[in-house]
Amino acid sequence: MKEAPAFRADDFRKRLFGEVSKKEILKEIIKLGQKPIGFDINKLSRELNFDDVKELAETAIRYGNLEALLFLARVKRHAVARAASSKDFDKLLKEQMSSPIVPRLYFYLKGEMLPTKRKLFRRIVRSAVLKMSLRISGQGIRGSILRKGEFTPESHEFDIEDTIENIICLLYTSPSPR
């Protein structure tokens with residue numbers, strides 16, 4: 001199954017008639033839930049003011065687009081931190097806790113956030129990192145190949161008498177359901 005191609009800034013300009021502001025193009029990309037590609041961050045930080053970035057960040061929070069939030073945090077951190085002080089952002093973080101973007105977003109915004117929001121964000125990031133590390137360490141280094149061997153009666157790994165005895169003990173010692 002093919003993924004939809006990521007839209008670039010030039011594609012939107014070609015599709016739309018006339019020149020469109022970069023703010024409107026970014027807003028459409030954010031609404032589509034895609035990562036903004038093809039924008040120069042230095043140019044955007046000069047062209048977009050605080051209110052524009054804050055409005056785009058609120059749109060990204062509303063649509064649940066963490067990649068766009070991370071991109072906007074690289075443009076103007078302070079504006080994204082102010083937009084992140086809403087309750088919608090807290091809900092979004094709790095929903096997408098297992099996303100690998102959440103810790104990166106925290107490290108971009110931690111210096112600009114309000115202290116109360118920073119504590120909540122840090123707690124969510126800590127649990128997200130722990131879940132990811134447990135998932136990684138729980139898998140271990142195992143191959144996917146199963147080795148099958150033939151059963152031989154002389155095998156010391158399987159003792160039929162001990163197995164029957166264990167089954168009988170389990171049947172008579174386990175509590176009966178009421």
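# Chatting about a positive patch and two salt bridges

Visitor: Which residues form the positive surface patch?
Guide: Lys94, Lys110, Lys119, Arg122, Arg123 and Arg126 form it. Patches are made of residues with over 30% relative accessible area and no salt bridge, with like charges joined within 9 Å and nonpolar side chains (Val, Leu, Ile, Met, Phe, Trp, Tyr) within 5 Å. Lys and Arg count as positive, Asp and Glu as negative, while His and the chain ends are not counted. The place of a charge is NZ of Lys, CZ of Arg, CG of Asp or CD of Glu.
Guide: One thing to know early: this is a predicted model, where local features need pLDDT of at least 70, side-chain atom pairs count only at pLDDT 80 or more, and totals for chains, interfaces and linings use all residues. Residues are numbered from 1 along each chain as its sequence is written, and side-chain values use heavy atoms, leaving out hydrogens and water.

Visitor: Which helix gives the most to the patch?
Guide: Helix H9, residues 115-139, with four residues. Lys94 sits in helix H7, residues 87-95. Helices (H or I, at least four residues) and strands (E, at least two) are DSSP runs, numbered from the N terminus.

Visitor: How many helices and strands does the chain have?
Guide: There are 10 helices and zero strands.

Visitor: New topic: how many salt bridges are there?
Guide: Two, where a salt bridge means a side-chain nitrogen of Lys or Arg within 4 Å of a carboxyl oxygen of Asp or Glu. In one, Glu55 pairs with Lys27, and their closest N and O atoms are 2.7 Å apart. Glu55 is in helix H4 (residues 50-63) and Lys27 in helix H2, so this pair ties together parts 28 residues apart in sequence.

Visitor: Is Lys27 buried or exposed?
Guide: Lys27 is buried, at 13% relative accessible area. Buried means under 20%, exposed over 50%, and partly exposed in between (1.4 Å probe, protein chains only). Its partner Glu55 counts as partly exposed, at 29% relative accessibility.

Visitor: And what does Lys117 pair with?
Guide: The side chain of Lys117 meets that of Asp90, 2.7 Å from N to O. Lys117 lies in H9 and Asp90 in H7, so the pair links parts 27 residues apart in sequence. Both Lys117 and Asp90 are buried.

Visitor: What about Glu95, buried or exposed?
Guide: Glu95 is exposed, because its relative accessibility is 63%. Glu95 is found in helix H7.

Note on methods
Accessible areas come from the Shrake-Rupley method with a 1.4 Å probe; for residues, only the protein chains shown count as cover.
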